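Dear colleague,

I am passing on the structure below, and after it you will find my notes on what was found. Please read them with the structure open beside you.

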Amino acid sequence: MIDRATAPLVSVSGLQKAYGALQVLQGIDLTMKPGERLVVIGPSGGGKSTLLRVMMGLENINGGSITFAGKPYIHAGATPAKTAIDVQVRRSIGMVFQHYTLFPHLNVLQNLILAPCKVRGEKKSAATERANTLLIRFGLGQKATAFPSQLSGGQKQRVAIARALMLDPKLMLFDEVTSALDPELVGEVEQVILQLARQNMPMMIVTHDMWFAKNIASRVLFCAGGFIVEDGPPEQVLGAPKEERTKDFIDRVF
Ligand code: ADP
Ligand code: MG
C-alpha cells in the first residue's frame, strides 16, 4: 500500500531540456513530498524558470519524465499535456509569474471566475461566491469590480495568486513573483504566500529574497548551470552551504 504521507507528490527523473543547441536542464532528479515547500535559488540563467515552466507543462522536454501523485504527466518527445491524464494532472498545478498575467479587459472577479466556469463548467454563482471569499481573505474585498490597470503591482500579484487558487491546485509554483514590485509592496504578496504555507499548500518558489526564503522554505535547492548543485534544509543551504558555488552565490546575493 502507498503511504500518502511519504509517497512523493512530485518525482522528476533525468529531466533534460534544450533550446536548440543550448542545454538548459542537464538531467534533473528531484523528489518532493506532500507539504514540502521548496525554495529554488541560483544565478540568472541557471534554469530555475525553465524547471518550473516544464513542471507546469508549458515546455516540451528532451529527456526524462515527471510524475505527479504517482501519475506520469510530462514525457520526453511529447507535446506538453498531450493525453487526457496529462491535462488533468496539469490542471492541478497552479503557477504565478514575475510579470502579472491578468486579463486586462476583465475585472478582478471576472479574472477569477473565467477558468472555473470555462474549464470546469462551474456555475457562475458558485464560482463568484468562492472568488469573493478568496478576495476578502487576501485583503481585496473592495477590488472585485476593479480592472487590472487600476491596481497596484502588489494587488495584481495577489489577484494572480487568488486566480490560480480558484482551480484548487494541489501544488503551487511561484517564479520570482515579487521581483518586479516596488520594495514596499513585496511584503503584502509574501504574506499571502505565507498564509498558504500555513495551510500546508505544497509549493516551489523561486526567490531572491533571503528573509522570505528563510521564512517559507522547508527545503532549499541551489540550481546553477542546469543542475541542482545543492539540496537541503534552509539552515544548511542558506546558512552553512557545503558546495563552494552555493557559498559564492549566497555571499554575493544575500
Ligand atoms: P533562470 O530562471 O534560472 O534565470 P531560465 O530558466 O530562465 O533561468 O533560463 C535558462 C537558460 O535558458 C538561459 O540561458 C536562457 O537564456 C535560456 N532560455 C530560457 N528560455 C528560452 C527560450 N524560450 N528560448 C531560448 N533560450 C531560452
Ligand atoms: Mg527565471
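In this predicted model, strand β8, which covers residues 203-206, sends its side chains in two directions, with Met203 and Ile205 pointing one way and Met204 and Val206 pointing the other way, and all of these residues are buried.

Strand β8 also has two pairing partners that are worth tracing in turn. With strand β3 (residues 37-41), β8 pairs in the parallel sense over 4 bridges, and within this pairing you will find Val40 standing opposite Val206 of β8. With strand β7 (residues 171-175), β8 likewise pairs in the parallel sense, over 4 bridges, and here Asp175 is the residue that stands opposite Val206. Val206, then, is a useful place to start looking, since this buried residue of β8 has Val40 opposite it and also Asp175 opposite it.

The other part of my notes concerns two helices. Helix α3 (residues 108-120) packs against helix α4 (residues 124-137) at an angle of about 130°, and their axes lie 9 Å apart. Because angles from 115 to 145 degrees fall outside the perpendicular and antiparallel ranges, α3 is oblique to α4. The crossing in which α3 passes α4 is right-handed. On the α3 side, the contact is made by Val108, Leu109, Leu112, Ile113, Pro116 and Cys117, while α4 contributes Lys124, Ala127, Thr128, Ala131 and Leu135. Sorted by character, the residues of this contact comprise 9 nonpolar, 1 polar and 1 charged.

With best regards

Key
Residues are numbered from 1 along each chain as its sequence is written. Chains are lettered from A and ligands numbered from 1 in the order in which they are written. This is a predicted model: local features need pLDDT of at least 70, side-chain atom pairs count only at pLDDT 80 or more; totals for chains, interfaces and linings use all residues. Axes are lines fitted to C-alpha atoms, for helices over the stretch in contact, and angles run from 0 to 180 degrees between N-to-C directions. Angles under 35 degrees count as roughly parallel, over 145 as roughly antiparallel, 65 to 115 as roughly perpendicular and the rest as oblique. A crossing is left-handed if the near helix is turned anticlockwise from the far one by less than a right angle, and right-handed if clockwise. Two residues are in contact if their C-beta atoms, placed from the backbone, lie within 7 Å. Ala, Val, Leu, Ile, Met, Phe, Trp, Tyr, Cys and Pro count as nonpolar, Asp, Glu, Lys and Arg as charged, and the others, Gly among them, as polar. A residue is buried if 20 or more other C-beta atoms lie within 10 Å of its own, exposed if 12 or fewer, and partly exposed in between; C-beta atoms are placed from the backbone. Two strands pair if DSSP finds at least two bridges between them.
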